[in-house]
Amino acid sequence: MKIGIVGCMGRMGQMLVSAVLADSGAQLSGGTERAESSAIGQDLGKALGQVTGLTVSADPHALFETSDAIIDFTSPAATRMHAELAAKTNTILVVGTTGLSQDDETVLMQAALTVPVVYAPNFSVGVVLLTALVERAAAALDNSYDIEIVEMHHRHKVDAPSGTALALGKAAAKGRHIALDQVWQKSRDGHTGPRRRGEIGFAALRGGDVVGDHTVIFAGDGERIEIAHKASNRMGFAAGAVRAALWSQDRLPGLYTMVDVLGL
Ligand code: NAD
């Protein structure tokens, strides 16, 4: 399967190049970057100390035309453009970009009418498991247990709360048969008054080179349950995304998640 990486010089982009090169079932078809990037024209493996014979390009259309699947960990605006291209060129799309608006997600859904699209805020197997555990815990514990979700990421992250934190909130809300946007409290500041019963709260910490920590706290009277996941490198995300691309081969068009890919 020929896999192309858009945003191939990013933190995740480089991990994805490395993961595709390491997978015997996949062949790297190329990579793109922003037109103003200084990496345009360089070998895709340069920063990894490898020679791939493929150069970083600024032409996504050509990459989509020559790939079976594209993996996209870029920015919401770029992902939107890539989703339109995927539908136009009939190319499988795997999206890890977070911070997508509802409008951006609608564009993904439209592309999924034509091609398989896998969209996940977190491609690590451990986080997929954490999400399932959180839904079960929220269903088992009534709303006298206050749910708070704490996440920490590196200083370069641009969206908050993280896509994974929101997905964990959605899972907790689903366990309680409510919609997250009816009960979420995305941040607190100043005189907030007491906590509303049933609220799902978020706290986002930023600093250093933290790859991604998530803790879901169920705080009751006299006890507290905490379920946590900590990623120590990005390889798990990249390997999961390559696995999703390979899984999508020969699938019907549709919007899939990592739960589908892992068959959970
Ligand atoms: P990054 O800033 O290091 O990389 C993004 C790359 O995309 C940059 O190199 C940038 O130049 C490139 N880019 C932007 N617009 C482009 C365009 N139009 N065409 C081609 N390239 C373009 O960021 P990162 O840490 O690699 O994260 C990228 C995204 O992935 C973020 O939204 C982040 O939250 C998300 N992420 C998701 C997961 C997951 O498992 N789903 C894991 C880690 C990060």
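This tour goes through the two domains, the contact between them, the ligand site and two backbone details of a predicted model.

**Domains**

Start by colouring the protein chain by domain. Select 2-119 together with 234-262 for domain 1, then 125-231 for domain 2. Domain 1 is therefore picked up as two stretches of the chain under the assignment used here. With C-alpha atoms shown, the centres of domain 1 and domain 2 are 28 Å apart. Each domain puts 9 residues into the contact.

**Where the domains meet**

Show the surface of both domains next. Between them, domain 1 and domain 2 bury about 710 Å², and carbon and sulfur atoms account for 66% of that area. On the domain 1 side, select Arg11, Thr98 and Arg234. These residues lose the most area to domain 2, and together they make up 51% of what the domain 1 side buries.

Which kinds of polar link cross this interface? There are 3 residue pairs in polar contact between domain 1 and domain 2, while the count of salt bridges is 0. Now highlight helix 8 (235-248) and helix 9 (258-261), the elements that give two or more residues to the side of domain 1 touching domain 2. By residue class, that side holds 4 nonpolar, 2 polar and 3 charged residues.

**The ligand**

Move to the ligand and select what surrounds it. There are 21 residues around the ligand, and those that come nearest are Arg11, Met12, Glu33, Arg34 and Thr98. Arg11 and Thr98 have already appeared on the tour, among the residues of domain 1 that lose the most area to domain 2.

Zoom in on three atom pairs:

- Arg11: a backbone N or O atom lies 2.8 Å from an oxygen atom of the ligand.
- Arg34: a polar atom of the side chain lies 2.7 Å from an oxygen atom of the ligand.
- Ala120: a polar backbone atom is 3.1 Å from a nitrogen atom of the ligand.

**Two backbone details**

Most residues other than glycine have a negative phi, and most peptide bonds are trans. Two places in this chain depart from that pattern.

For one of them, select Ala160 and Pro161, which are joined by a cis peptide bond with omega about -10°. Pro161 sits in the loop that runs between strand 7 (146-153) and helix 6 (163-175).

For the other, go to Asn90, which is not a glycine yet has a positive phi of about 60°. Asn90 is in the loop between helix 3 (76-89) and strand 5 (92-95).

Notes
Residues numbered from 1 in each chain as written. Predicted model: local features only at pLDDT ≥ 70, side-chain atom pairs only at ≥ 80, totals over all residues. Heavy atoms only, no water. Contact = heavy atoms within 4.5 Å. Buried area = accessible area lost by both parts, 1.4 Å probe. Salt bridge = Lys/Arg side-chain N within 4 Å of Asp/Glu carboxyl O. Polar contact = N/O pair within 3.5 Å; in protein donor to acceptor, adjacent residues only side chain to side chain. Helix = DSSP H or I, 4+ residues; strand = E, 2+ residues; numbered from the N terminus. Nonpolar A, V, L, I, M, F, W, Y, C, P; charged D, E, K, R; others polar. Near = heavy atom within 4 Å.
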